[in-house]
Structure formats: structure tokens, C-alpha cells
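Visitor: I would like a close look at a single part of this model, taken strand by strand, with its surroundings brought in afterwards. Please go slowly and keep the pairing partners explicit.

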Amino acid sequence: MFLNAVILVLQEILEASLLLSLFLLLTALQREPLALGARWRAAWVPLSIVLGVLGSWGFAALTPVVSAWFDYVGQEVVNAAFQIVTIALLLTLGYAWRGAGEASFLARGGGMICLIVIVTLAITREGSEIILYTQGIMGQREVLTSVLSGATVAIGIGVSCGVLLYYILRNLNDRRALRVVALLLAFFSGNMAMQAVLLLNQADWLPYTAELWDSSALLPENTVLGQLLYALIGYEATPSLAQLLAYALACAAFMLTPLFRRAWARGEIQGE
Amino acid sequence: MRKFYLLPCWLLSAPLWAATPEFELVIRDHLFFPSTLEVPAGVKVRLMVDNQDETPEEFESYELNREKVIPGNSRTAIFIGPLKPGEYPFFGEFYPKTAQGRVIAK
């Protein structure tokens, strides 16, 4: 039960933790395009976390209702919608990216709203699963200790990975760090698209496509490394053709944004 | 020419005549009933999972590439397949010691 709890909670924590790290790096490395005032710089992270935790409680409480929607596939449809909105906001952020001093959608607060909504949605999706899990195991006194210690370890690992990613990249020179951040955000967009396709397949809203490979013997998803790669680049042991296409498409769409192109352009980083 | 007019009709109506077979899976006292579910291979199947416990459970299967939380006292649908013939284990992630089962595609 201990290891089971570690994997389950880690799966939920990692994605939000790494995403938050990437956004913190982005806002630290590129202050001007977002035109973050001192007040917002201090407030957007705690605000997103509080909204995410409230969202988690709300979404967990609504799960029985949502579950019955669309002929019992409401959860898949709503989660996929969250992911599609996340991709849309990431692309908005990327496409609206401008250099310092240019009046833009981002400078008028749009960028801030994108960051807050993306993080809130990530925490809502992941947090509600942890809440349901906690409710699920509350009845089993004999395993409660091992589950709670497993969950604590998982939260520790998940948060540490985020902090580690932040400091590793912060110690690179800014230019390289920004490249890695932009690349990981592109992978994150791909991952969201791939997950949305899987959910819509499960709901029978998208047709079945062939499974392309099976690397579960080489690297199972239910291991700490598997979960880390899943959260970081969207590792999937048995992806389908549609999942891979969705991944490539969303990843490429992000790579075409000014945010990505500026980060990977030759010469000095613009906007600093 | 006529064939081309019929093609979209045929595509649209195909899902209607090939009705998706449905199978019922019950969760009670953190156990799956039946614990072995035989389904036809090569076609999409709809699993109706009925959680009769008070507590939520998560249907999880790495082999089927499916996971879904089922709240207490509620029903949900999970589409699986088309599967190659073989055995696909699944388990309840919240009660993995007891809630175990497998789908056998034949």
C-alpha cells in the first residue's frame, strides 16, 4: 500500500509541480513581456495554488454528478476539456509574447490570467484525484498509516523535483535556461494533447487507432522514473497513432510561437 | 456515381448496426464481480462499472491503458478495445490488494 500510495500521489503532484517550476523560471527569466508588477510577482503563485485547492474540492465533490454526464463519460469529457483549454492558453501565451516595452495583450494582464488559469486547472485536475483517493482509503484503518506516509513521501518527491528543476535551470546561464523552459513547455503542450486524446478514446468520442509500440517491459509507467518522464515529456508506454499525432501537433504549434522562437533564436535573448 | 453518394450514409450508419457490446462489472466490498470478464476480441466494448461501495474506487489497467475514478454508489462507463486475443489484468487502485480482475479477449 505504501508504494502504491507513493506512485498514485506522485503521479498527481509531479505535473503541477513541474509546471509551476517552468512558469516561475519563465517569469524570472523574462520579466518584461509579462509586465509583472512587484505585487503580481509575489501573488500569482499563492493565488493559483489557493484557487487550485478550492477547485480540487469542488471538482471532487461534483465527480458523482459529472460522472453521469454524456451517458457516463462526463469525467473524461470534462478532463479533456480542461486539457484543451490549457493548450489553448499556453498557445495564447506563446503567440502573444512580445519584446520589452511593446504594448500587448500580455502587458495588460492577459499573460497573468493565462498563468493563473493554467496552474489552477492543473492543480484542480490532479488535486481532486488525491482527495477522492483519500476519501477512498479512509475506511481502511489498517493501511491508513502506510498510505499517509506514502502520500507524504510522494509530496516530498514531487515538490523536490520541481524545486530541483528550478535550481538546476536557474544555475545555467539565462539563455540556455530559457531554451530548456521553452522546450519543456512545448513537450507539456504535447503531453496535454496526448492525454486529452486518450480520455476521448476512453469515452468513445474519438475512434480507436492502432497502438504504435509497447515499451512497458523496458520502462513501465508505474515506476518513479516512468512517472517523472510522463510528467516531464509525456512518456507513454503504449501510445496510439492518434495520441502521437496529437502530441506532435500541439508540440509543433508551441514551437512556432514567438516565445519559443525568440528563446531559440541566435544572438541575445530578446525581451530582457 | 451512386456508390459515392452511398458512402457517407454507410459511414454514418456503420456504428448503428455494429452495436457496441456491453458488459457489467460490479464493485462490492472492494471486490470486482465478476473478477474474470470474457469479451469478444477485435471489437470495441463498453464496460459499465457499478460501484456499490460507499467509497470511491479507481479502475486501473496498464495493459488496457485505462484509468478512471468511480465515486461511491455510482455507475460509470469505460470503453475498451478493440483488443487482441489475450489476458488484460485490471485492479482497483484504491484497494489493490483485494480489487483484482482480468479481461479475457477471445
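Guide: In this predicted model, strand S3 of chain B, residues 36–39, pairs with S9(B) in the parallel sense, and the pairing extends over 4 bridges. Within that pairing, B:Leu37 has B:Val103 of S9(B) as its bridge partner. On the antiparallel side, S9(B) is joined by 6 bridges to strand S8 of chain B, which covers residues 86–92. There B:Tyr88 is the residue that stands opposite B:Val103, and B:Val103 is thus a convenient point of reference, being the bridge partner of B:Leu37 as well.

The side chains of S9(B), which spans residues 100–105, can be read against this pairing. In a regular strand the side chains alternate between the two faces of the sheet. Strand S9 of chain B shows such an alternation: B:Gly101, B:Val103 and B:Ala105 point to one face and are buried, whereas B:Gln100, B:Arg102 and B:Ile104 point to the other face and are not buried. B:Val103, the residue that B:Tyr88 stands opposite, therefore belongs to the buried set, for which the cut-off is 20 or more other C-beta atoms within 10 Å of a residue's own.

Following the sheet outward, one finds that S9(B) is part of an open sheet of 5 strands with mixed pairing, in the order S3-S9-S8-S5-S6 of chain B. S3 and S6 of chain B are its edge strands, each of them pairing on one side only. With direction ignored, neighbouring strands of this sheet are turned against each other by 20° on average. Further along that order, strand S5 of chain B, residues 57–61, runs antiparallel to S8(B) and is joined to it by 2 bridges, with B:Phe59 standing opposite B:Gly92 of S8(B).

Chain B also holds an open sheet of 4 strands, again with mixed pairing, whose order is S2-S1-S4-S7. Its edge strands are S2, residues 31–33, and S7 of chain B, and each pairs on one side only. The twist from one strand to the next averages 25° in this sheet. Strand S4 of chain B, residues 45–51, and S7(B) pair in the antiparallel sense over 7 bridges, and B:Arg46 has B:Phe79 in S7(B) as its bridge partner.

The two sheets can then be related to the partner chain. In the contact between the chains, 20 residues of chain B meet 25 residues of chain A. Strand S6 (66–70) and strand S7 (74–80) of chain B each supply at least two residues of the side that touches chain A, and the largest share, 6 residues, comes from S7(B). By class, that side of chain B has 10 nonpolar, 4 polar and 6 charged residues.

Chain A, on the other side of this contact, has 11 helices and 0 strands. Its radius of gyration is 19 Å, which agrees with the value near 19 Å that a compact globule of 272 residues would have, and its C-alpha atoms fill a box of roughly 60 × 40 × 35 Å along the principal axes. Buried residues make up 46% of chain A.

As for confidence, the mean pLDDT of chain B is 86, and 83% of its residues reach 70 or more, while the model scores ipTM 0.85 and pTM 0.89. Where pLDDT is low, the predicted coordinates should not be read in detail.

Technical notes: Residues are numbered from 1 along each chain as its sequence is written. Chains are lettered from A and ligands numbered from 1 in the order in which they are written. This is a predicted model: local features need pLDDT of at least 70, side-chain atom pairs count only at pLDDT 80 or more; totals for chains, interfaces and linings use all residues. The radius of gyration is taken over C-alpha atoms; the globule rule is 2.2 Å times the number of residues to the power 0.38. A residue is buried if 20 or more other C-beta atoms lie within 10 Å of its own, exposed if 12 or fewer, and partly exposed in between; C-beta atoms are placed from the backbone. Two residues are in contact if their C-beta atoms, placed from the backbone, lie within 7 Å. Ala, Val, Leu, Ile, Met, Phe, Trp, Tyr, Cys and Pro count as nonpolar, Asp, Glu, Lys and Arg as charged, and the others, Gly among them, as polar. Two strands pair if DSSP finds at least two bridges between them. pLDDT is the predictor's confidence in each residue, from 0 to 100. Axes are lines fitted to C-alpha atoms, for helices over the stretch in contact, and angles run from 0 to 180 degrees between N-to-C directions.
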